[in-house]
Amino acid sequence: MMKRTFLATSIAAVVLSGTSTVAVAKDKMTLYCSAEENWCQLMLNSFEEATGIDVSMTRKSSGETFAQIKAEATNPKGDVWWGGTGDPHLQAAEEGLTAAYVSENRSELADWAISQATSAGDKTIGIYSGALGYGYNTELLAANGLSEPSCWKDLLKPEYKGHVQMANPNSSGTAYTTLATIVQLFGEDEGFEFMKGLHANINQYTKSGSAPIKSAARGENTIGIVFMHDAVKQAVAGFPIKVVAPCEGTGYEIGSMSIIKDGRNPESAQAFYDWALTAEAQTLALQVNAFQVPANTGAETSPSAPDLASIKLIDYDFSKYGSSAERKRLLKKWDDEVSVLPQ
Amino acid sequence: MMRSLCCHNKTLVMQTARSGDVGRPVLIFWIIIGWLGFLALPWYAIEDGFFAFEWLFDGYPFDTDYAPAAFIVAQGEKLWLAPLVLPLLAVTAVIGRPKSDPLYATILIAASGFGLAWLVLQGFGIGLRGWQFGMLESLFGDLGDRQFGMGYGALFVAVSLLFLFTQGIAARGAINGDVFVVSAIGSVIALITVFVFFPIANMLASAFITEDQSYSIAVFFSKFFDDRLWGLGCVAGGHRCGVAWNSLFLAVSVGLLTTLLGLVFALVATRSGFKYKRAMRALTVLPIITPPFVIGLAIILLFGLSGTVTTFVADLFGVQPTRWIYGLPGIMIAQVLAFTPVAFLVMIGVVEGVSPSMEEAAQTLRASKWEVFRTVSFPLMRPGLANAFLIGFIESMADFGNPLVLGGNYDVLSTEIFFAIVGAQYDQGQAAVLAIVLLSFTLGAFYAQRFWLGNKSYTTVSGKGDAGVHPTMPKMLSVPVIFIAVGWAGFTAVIYCMIVAGSVVELWGLNNSLTFKHYATAFSVALEDNGVRWTGAAWNSFWTTIQIAAIAAPLTAALGLLTAYLLTRQNFAGKSSFEFGTMLSFAIPGTVIGVSYILAFNVPPLELTGTGIILVISFVFRNMSVGVRAGIASMSQLDKSLDESSLTLGANSWHTFRRIILPLLKPAILAALVYSFVTAMTAVSAVIFLVSAEYDMATSYIIGRVENNDYGLAIAYSTTLIFVMLLVVGALQLAVGRTAIGRRKSTGQQS
């Protein structure tokens with residue numbers, strides 16, 4: 001009985017609607033998020049509240065997301081890729097996986113965010129930035145009777161042997177930024193001498209970029225070379241971590257956002273893009289202890305966040321060191337000359 | 001349900017009586033399915049999901065997005081679908097013919113063979129952007145049209161044609177005209193081809209792709225013989241060894257250790273007077289229901305630089321704590337903890353299955369207990385030992401979570417593959433080369449195992465009277481065995497105490513005050529006017545995981561045991577390549593499955609990424625081999641005369657399988673069900689590529705928490721999963737029941 005009614009209704013519906021029906025579907029979009037889970041979740045909920053657009057979200061690291069977007073290139077499933085370090089975004093732009101778009105809110109952004117966009121033909125844009133540095137576990141440092149480091153070159157001291165951790169530049173964007181920063185700071189030859197000296201003190205090259213400071217927080221390691229906002233986050237979470245901005249100066253990353261080319265919901269994607277650049281959206285970071293510097297100059301910042309103005313920043317050349325060719329060359333050199341040395 | 005359980009014997013008689021003529025209704029059924037797919041169901045996949053049924057009200061059946069093939073063609077569009085009507089018409093014409101008519105078979109084979117071939121050709125030939133191959137484009141010119149992924153209409157037609165094809169083959173007299181066996185072989189081959197060979201071939205082809213997208217053998221060889229893979233630095237006292245050697249050494253050690261421990265536990269459980277067997281048995285099964293990296297985390301909490309044990313020992317002896325756990329020792333401990341239970345599940349089926357009659361015969365002939373064990377019991381356990389080793393070896397090779405957490409600088413293939421794809425290098429070719437190395441190791445182990453087993457007979461359960469009780473182990477064996485078992489069980493217990501403790505403290509190691517806030521964050525529930533609101537952060541992934549695991553488990557077990565039945569009980573042309581195919585999925589690490597699946601199934605004709613189906617499929621084909629292994633191990637102990645007598649009495653092969661083999665396979669069924677349910681809930685490596693916004697899995701959520709240093713929430717979620725799985729495993733054990741063979745004690749007996 002049920003079935004027959006159902007069939008009747010559907011036939012009626014077909015007859016009534018004919019072939020020209022236009023479905024009134026609710027606006028929706030798919031977000032690939034490469035920031036931390038709770039930040040992604042907060043962005044999603046706030047955006048849904050602000051616009052009524054349904055968002056489904058996948059959180060993956062920027063490397064994984066890049067791999068996925070590349071694999072899906074002939075049939076994109078995502079609409080916007082938000083967050084994660086800038087290099088894979090630049091690479092996606094270089095390979096034509098993302099679409100150019102100029103938002104009306106761009107004028108509210110800091111210069112570094114805009115220059116990220118212009119260097120990639122408007123296919124990506126900066127949304128936050130963070131400086132590189134390191135953090136150490138104060139308890140372990142004291143327990144081992146070590147002096148407090150404050151510069152890059154301090155890390156070469158023999159007393160830190162087996163106490164320093166960084167990620168493997170082959171697998172982590174953070175570690176590649178470290179390598180590129182050292183090369184730009186000291187010049188290529190001296191930079192590689194530095195990496196060789198550092199290699200002697202390294203106890204493990206981790207796979208993921210922020211792992212060194214996380215293991216330092218748990219007391220599994222003493223000094224971790226990471227982005228400073230990651231170190232601040234551990235300190236704020238209650239771990240005995242002290243954050244250091246190296247005295248020689250340091251490099252930085254620009255967290256980025258891109259619209260995926262040929263996505264299924266281009267209008268919703270642009271709505272998200274515009275919204276994500278507003279001061280209101282960028283202030284949300286504070287609620288989840290994300291201590292990156294927001295791109296929107298009107299957004300609020302936390303007193304715990306590293307103040308980029310007081311840190312000596314190098315003039316990081318994103319287009320040179322973000323290009324595949326330079327990346328491959330530096331990584332190969334690091335592989336051949338540094339990673340094979342005995343520790 | 002109740003009736004089918006209680007009335008075994010009656011139904012057996014009834015079905016035997018009418019088993020003579022089942023061919024005709026089955027034939028008509030498949031023909032109807034085929035027409036249904038062609039005439040009534042939407043041909044292409046529907047973006048918002050078939051079961052939303054929005055398509056019914058949205059222009060069906062005329063809008064080409066939702067139309068059945070017949071309606072599309074009738075409107076003069078996508079005419080390449082039109083030829084599919086021919087095979088359907090041809091097979092319909094066959095209905096009137098007698099089965100003995102040679103035309104019957106010829107028409108079925110020719111028509112459905114053509115239909116299948118055409119379906120595949122048009123699917124691969126025409127894609128999202130028209131012609132898929134430049135050659136076709138230059139031959140026929142621009143198509144001016146395109147097609148999306150296939151949907152239920154295409155699925156029904158494909159399935160119908162496949163089974164009509166096998167009906168035709170059977171009608172020609174293959175395998176004594178046994179329709180069930182031919183159809184089973186046909187469907188397993190089709191499934192393996194589509195979901196194992198196709199994606200893997202697709203992926204491995206990328207090992208030969210150069211940077212400018214052309215193919216080159218030289219690129220492959222330069223990557224394959226790289227020093228980082230095969231370097232022997234560590235032997236010569238140098239820096240470190242190649243990744244391939246690392247993996248091999250680890251996997252062999254883990255395989256040996258898990259087999260040994262699995263045997264030890266199986267012996268204690270079945271052949272000792274040890275008092276606390278049940279408690280120990282429960283404890284040994286715990287690791288199998290634990291997300292693998294959780295064991296890694298617990299080991300860090302115990303033995304890490306600031307671990308409980310490390311600091312205690314360091315204080316006691318006044319030595320400097322070290323990071324010794326990071327690297328080979330840590331991975332090995334975690335993997336042995338994690339994989340011993342699988343070995344135990346395989347071993348116990350075999351140890352229990354060894355017929356006591358043989359052992360009693362030996363005893364009657366005055367053999368001592370030790371001689372009985374050494375010359376009778378142990379040799380009969382060889383299939384189990386070989387299978388347990390193989391599973392341990394391959395699990396270790398494919399394991400991804402533990403090396404990730406504990407690996408230190410000890411790189412293994414599985415993590416290298418992952419980071420070759422997601423790392424800063426994005427080198428798919430490199431990943432494919434590493435995958436080939438991994439594959440050669442696992443297949444090598446597979447053949448070594450077959451060589452060791454040889455052609456001996458391990459049959460002990462025959463239709464003849466089987467009486468007797470297993471003798472207990474000889475003393476000189478039981479003392480060390482119980483000692484090892486108790487020691488390892490105690491270690492496992494400590495690990496689990498750490499896990500539970502870690503989930504109820506504020507911040508491990510720094511603030512050890514008790515709190516349930518991690519559970520609250522993950523699993524809070526709000527009662528509101530309009531019912532329950534699942535407010536916890538973990539609910540979404542939790543329900544998805546349960547749902548997917550519950551769908552995948554029975555499918556996996558069914559496919560695995562069916563394959564095992566075909567392999568042990570039937571002889572057919574190409575059986576060894578068939579076996580190779582079923583084994584292949586087993587030997588491929590999850591990471592590779594994940595990547596090859598998104599590469600293969602993101603584009604038409606099979607567009608599955610972003611759905612829950614792709615997760616189910618990846619679990620089924622990744623885990624079916626455990627069902628196959630367990631099934632083969634158990635079935636090689638069942639005497640063929642059992643089937644033969646059933647067949648002689650007039651039952652067909654389906655009834656023999658259903659009524660004779662299956663009930664004797666309960667341990668294997670249980671192993672397959674439990675294993676597949678549990679891996680579906682705890683697997684990491686394949687899942688991480690296949691989860692989507694809508695279908696997020698528990699493990700990928702937990703890994704996210706671990707990455708975030710949020711150990712409390714990660715461990716709380718894992719603990720909850722462990723309890724859920726305990727419940728499910730217990731329920732499964734009750735539902736499947738135990739095989740009552742002979743006089744041996746059996747609990748939970750039914751019927």
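# Exercises on a predicted two-chain model

In this predicted model, B:Asp643 and B:Arg569 are both buried (under 20% relative accessible area, where over 50% is exposed and anything in between is partly exposed; 1.4 Å probe, protein chains only). The model is a prediction, in which local features need pLDDT of at least 70 and side-chain atom pairs count only at pLDDT 80 or more, whereas totals for chains, interfaces and linings use all residues. Residues are numbered from 1 along each chain as its sequence is written, chains are lettered from A and ligands numbered from 1 in the order in which they are written, and side-chain values use heavy atoms, with hydrogens and water left out.

## Exercise 1. A buried charged pair

**Task.** Determine what joins the side chains of B:Asp643 and B:Arg569, and where the two residues lie.

**Solution.**
Step 1. The two side chains meet in a salt bridge, with an N to O distance of 2.6 Å. The term denotes a side-chain nitrogen of Lys or Arg within 4 Å of a carboxyl oxygen of Asp or Glu.
Step 2. This pair links distant parts of the chain, 74 residues apart: B:Asp643 belongs to helix H29 (residues 640-648) of chain B and B:Arg569 to helix H25 (residues 539-569) of chain B. Helices (H or I, at least four residues) and strands (E, at least two) are DSSP runs, numbered from the N terminus.

## Exercise 2. Salt bridges along helix H14

**Task.** Describe the salt bridges that A:Arg329 forms with A:Glu326 and A:Asp336 with A:Lys332.

**Solution.**
Step 1. In the pair A:Arg329 and A:Glu326, the closest N and O atoms are 3.0 Å apart. Because these residues are three apart in helix H14 (residues 324-338) of chain A, about one helical turn separates them.
Step 2. A:Arg329 is partly exposed at 37% relative accessible area, whereas A:Glu326 is buried at 11%.
Step 3. In the pair A:Asp336 and A:Lys332, the closest N and O atoms are 2.8 Å apart. Both residues lie in helix H14 of chain A, four residues apart, or about one turn of the helix.
Step 4. A:Asp336 is partly exposed, its relative accessible area being 44%; A:Lys332 counts as exposed at 51%.
Step 5. Over all chains, the whole structure contains 12 salt bridges.

## Exercise 3. A buried arginine without a salt bridge

**Task.** Which side chain of opposite charge is nearest to B:Arg622, and what surrounds this arginine?

**Solution.**
Step 1. B:Arg622 is part of helix H28 (residues 612-635) of chain B.
Step 2. B:Arg622 is buried yet has no salt bridge, and the nearest side chain of opposite charge, B:Glu395, is 5.3 Å away. Lys and Arg count as positive and Asp and Glu as negative, while His and the chain ends are not counted.
Step 3. Apart from neighbours within four places in sequence, the residues in contact with B:Arg622 include B:Ala398, B:Ser585, B:Ile588 and B:Pro589. Contact means heavy atoms within 4.5 Å.

## Exercise 4. The interface of chains A and B

**Task.** Characterise the interface of chain A and chain B by contacts and buried area.

**Solution.**
Step 1. Chain A places 64 residues in contact with 56 residues of chain B.
Step 2. The two chains bury about 4,900 Å² between them, 48% of it on carbon and sulfur atoms. Buried area is the accessible area (1.4 Å probe) that two parts lose on being put together, summed over both.
Step 3. A:Lys207, A:Arg218 and A:Glu220 supply 14% of the area that chain A buries against chain B, more than any other three residues.
Step 4. The rule finds zero salt bridges across this interface.

## Exercise 5. Positive phi outside glycine

**Task.** Where do A:Asp122 and B:Arg366 lie, and are they buried, partly exposed or exposed?

**Solution.**
Step 1. Most residues other than glycine have a negative phi.
Step 2. A:Asp122, although not a glycine, has a positive phi of about 65°. A:Asp122 sits in the loop between helix H5 (111-119) and strand S5 (125-137) of chain A, and is partly exposed at 22% relative accessibility.
Step 3. B:Arg366, also not a glycine, has a positive phi of about 75°. The loop that holds B:Arg366 runs between helix H17 (356-364) and helix H18 (369-380) of chain B, and B:Arg366 is exposed at 77%.
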